[in-house]
Amino acid sequence: MDLFTAGFASMMGGALLRSRVLTLLACLLIAGAAGIFLTENQTITATFYEIVPGLSFAVHIDRLAAFFMLTIAAVSFCVSLYSVEYINQYKHKGLLISLMNIFILSMLLTVAAGNTFSFLFFWELMALSSFFLVMFEYDNDKTRKAGLFYFIMTQLSTLFLFIAFSLLYSYTGTTSMEKIILQEKSTFLFLALFIGFGIKAGIIPFHKWLPYAHPASPSNISALMSGVMIKVAIYGLLRFLLVLPAELWWGLLILGAGTVSALLGVIYALKEHDIKGLLAYHSIENIGIIYMGIGLFVIFSHYNVPALAAMSMAAALFHTLNHALFKSLLFLTAGHVVHTTKTRNIDEMGGLIRQMPYTALLFLIGAMAISGLPPFNGFVSELLLFQALFNASAVHNPIIELVLIICLSLLALTSALAAACFVKAFGMIFLAMPRSAQKTHEASWPMLLGEGLLALACVILGIFSPLYLNSLGYALPNMMFIGGALLFSILFFFLLARANTRYCETWGCGLISQTPRMEYTASGFSEPIVTIFSTIYNPQKHVSKEFFDKSQTLVREGHVEFHLMRFFEEYLYMPIANAAMVIASRIDTLHQKDMGAYIAYVFIAAVILLLWVGWFA
Amino acid sequence: MIALLNILVAVLISPLFMTFIKKVKAWAQRRQGPPLLQGYYTFMKLLKKETVLSTNSSWIMRWAAPINLAVMIIAALFIPIVGIGGSGNILLFLYLLALAKFFMALAGLDAGSTFGGMGSSREMTISAVIEPVTVIVFAALAYVLGTMDIHRMALAVLANGPQAALVLISMSLFIILIVETARVPVDNPETHLELTMVHEAMILEQSGKNLAFMELAHAIKQTLLMGLLMSVLFPYGLATETTLVALVFGIGAFIVKGLCISFFVGLFESSMAKSRLFLLPNLFMLAYFFSFLTILFEVFA
């Protein structure tokens, strides 16, 4: 408890004094406190400040909260380490540091919140501080648009949570987290929670803010937002799901939303050429995978299979931690790449592995972890989820079993597409020849250290977590043995192959020298997948050609445009926005009147009010 | 002991199966074909040659071939080749293959040649589309045999005898074998024509020892998938105990069974033409259908 308090105080000090060192210290303190806390089975409950009776700032930390606090603090520590150097490129350094401290603190306190009031308060603080951070480069038009979009979505999320918490209060009569236990059926409550947390987590179809906000914000902030902020929404969903009487269709809804998000997230990521946009879509994918675990937990609990329910929950929680680690690693490395190349378009990069070998290696580790390749941590959590799905027969309900099997195959498709996407990303950014003239340099050591710690965590968790999980009764393969044997034999063959090598230019089909224009581009790479999934992308090609001759054989010049359908934007967001505009313009005409009209409004309003009062009195 | 022997036999026998398929294809075209030991000769020749690396390439290129071979050798632990022994989580096996493919595709992009990029792009596309099929096939296996361990699956088949469902699954496994080993109609191992290349395009920039490793890894992968198919369809002959007789019989049985499958693969390849890349999902849907049907039977039985 003292450690937590010290950590929070230090973080607050960091915000006030704009000190980077205090941030680091605070993260360490809280990570340590949460780590110690996890090993003991106890809870902390305390009230800090009571505004009016019933509304108070309170803290309630149990193991679930401690797990998320550990995740947030550990990732924030690495990100802060990276930021020590990274933020030097910005003008208002002090402001960035303060805001970042407030942001981290609000995330921690949201997770630690002891009642729904403080949860909502810190949730809103988190939303506001992250909004200011997204808007940090506000002189850019796109950033302003992204910031506004993010602001609207995040306020929508708060609105739904507000509805949910009001309902919760009216059902139970308490705001305190530990006392909330609900017996009656609560469809509206669940839907409000699902939408509220779904928006923040970035579940499709509420995902649209992620690919806008992540590219716009500074990279360390993207790392925090994608790595840990969307996990706070996962925490919220879990926290309330565990105390509500879950029904089967809740689980199916969560599982379905998760599967759709996972698959569509990665499919959209494949056609994305903005490196940070690509990573944002992968956040949607991974949140989908986490949701699948949560949905499975509800389903298996409903059918009373506690072992599999626990396995799904373990998969969801472990993937939450893993995604926080490798996604922030990827955002940090991508941040350095974007900073030195001054572009986010991966079609203009290439060959960076020679100028920045360490960044490339770290990005590769992140890419392999997110693709779920052994022996990294992403593999273990996906394996848990796969194993839970493989045991679908335990539910003894044919229809549900088939649903789970279909989800299983879609999960496999997702994970294979993710691997394809990261081959594309790594290949286009780091390999072959540079596609544009760049003066790049390797990241400085504090940045590399921050990234390196994250990468190390990915490797260690991948290799040693199966040992821990097996001690809890799971049957996972021994990754320590597999990893060791792999490393040993790779080294053996590498040393064997090293002798007698010669360097020569790549064969260019008889051309004298190779140019970057001969290389495959990111668009070219993903073209077969776009063709196969053309029903989802709905690509449209507009070709206009001019010819020298009348019979149209000799082309003078041509122009081709490719468009991919933005399904949710065109069919969900725009209709809602347009409807809002139509209603607003109807109401707007009421305002365009003279004095007499306004007096009439007041008169009508007064009459209605009187009648209403008279009716109910 | 059995596990080590599994690896050893898989490594040693793989080039033979590779060449035998070529031989069968040659016979189908009324040619004589290469000598049966050609695979070994080529491997030895490549080992002696110098490795030429592109000046544009990076350490990815140098590590890709060793990683591929090492991964395949570790993956051989998971498949009962000669006998049953060792751990064999079927999903880890699948992901080890994915790991090898990941690095192969990166190496394809590394030299910056158009061929390599084309190969990587196509390979990752095919592997993405076949993945749900593979997982469904594995899920069907786990459903029918009640375990996720390949060695235990073989034991279960040995104990319970053949089942109709396993024949259906075997058809899907055969399609996976064809796809994963880059054979007609998915890919054409014979050609170096850019229209048809997938796997060959990716390893076009490999040479010398690296090429030798890549080719050996590819051959081992084929042997492993054959081993998987056999342990589901016809696991008889696998050594379940470490006696000399059982092991020798296991090796002999494996060679005979492997040659049978190779013969069938050769005939299959000869009877088909390379299909268009974008028609491939149809073939995969067929495999998906077979295994989904199996699961349907199991669920509603």
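User: What pattern does chain B follow along the sequence, and what makes a stretch count as a helix or a strand?

Analyst: Chain B reads α-α-β-α-α-α-α-α-α-α-α-α, which comes to 11 helices and 1 strand. Helices are DSSP runs of H or I with at least four residues, strands are runs of E with at least two, and both are numbered from the N terminus. This is a predicted model, in which local features need pLDDT of at least 70, side-chain atom pairs count only at pLDDT 80 or more, and totals for chains, interfaces and linings use all residues. Residues are numbered from 1 along each chain as its sequence is written, chains are lettered from A and ligands numbered from 1 in the order in which they are written, and side-chain values use heavy atoms, with hydrogens and water left out.

User: Why is chain B called as compact as a globular protein of its length?

Analyst: The radius of gyration is taken over C-alpha atoms, and the globule rule is 2.2 Å times the number of residues to the power 0.38. For 301 residues the rule gives 19 Å and chain B has 19 Å, so chain B is as compact as a globular protein of that length. The C-alpha trace of chain B spans about 55 × 45 × 40 Å along its principal axes.

User: What does the globule rule say about chain A?

Analyst: Chain A has 22 helices and 5 strands. Its radius of gyration is 27 Å, close to the 25 Å that the rule gives for 617 residues, so chain A is also as compact as a globular protein of that length. The C-alpha trace of chain A spans about 95 × 75 × 60 Å.

User: How do you know which residues belong to the contact of chain A and chain B, and how much area is buried?

Analyst: Contact means heavy atoms within 4.5 Å, and on that basis 75 residues come from chain A and 74 residues from chain B. Buried area is the accessible area (1.4 Å probe) that two parts lose on being put together, summed over both. Here that is about 6,500 Å², with 77% from carbon and sulfur atoms. On the chain A side, A:F390, A:F493 and A:Y520 lose the most area to chain B, together 11% of what that side buries.

User: What makes B:E50 and A:R502 a salt bridge?

Analyst: A salt bridge needs a side-chain nitrogen of Lys or Arg within 4 Å of a carboxyl oxygen of Asp or Glu. The side chains of B:E50 and A:R502 meet at 2.7 Å, N to O, so the pair fits the definition. The count between chain A and chain B is 1 salt bridge.

User: How do you know that β3(A) pairs with a strand of chain B?

Analyst: Two strands pair if DSSP finds at least two bridges between them. β3(A) and β1 (residues 51-54) of chain B have 4 bridges, in the parallel sense, so they pass the test. In β1(B), B:L53 is the bridge partner of A:Y503.

User: Which strand of chain A is joined to β2(A), and in what sense do they run?

Analyst: Strand β1 (residues 44-52) of chain A is joined to β2(A) by 7 bridges, and the two run antiparallel. A:A46 has A:V59 in β2(A) as its bridge partner. Their hairpin has 2 residues between the strands, and A:G54 takes a positive phi near 100 degrees there.

User: Why is the salt bridge of A:D62 and A:R239 said to tie together separate parts of the sequence?

Analyst: The side chains of A:D62 and A:R239 meet at 2.7 Å, N to O. A:D62 lies in the loop between β2 (55-61) and α3 (63-86) of chain A and A:R239 in helix α9 (residues 219-241), so the pair ties together parts that are 177 residues apart in sequence.
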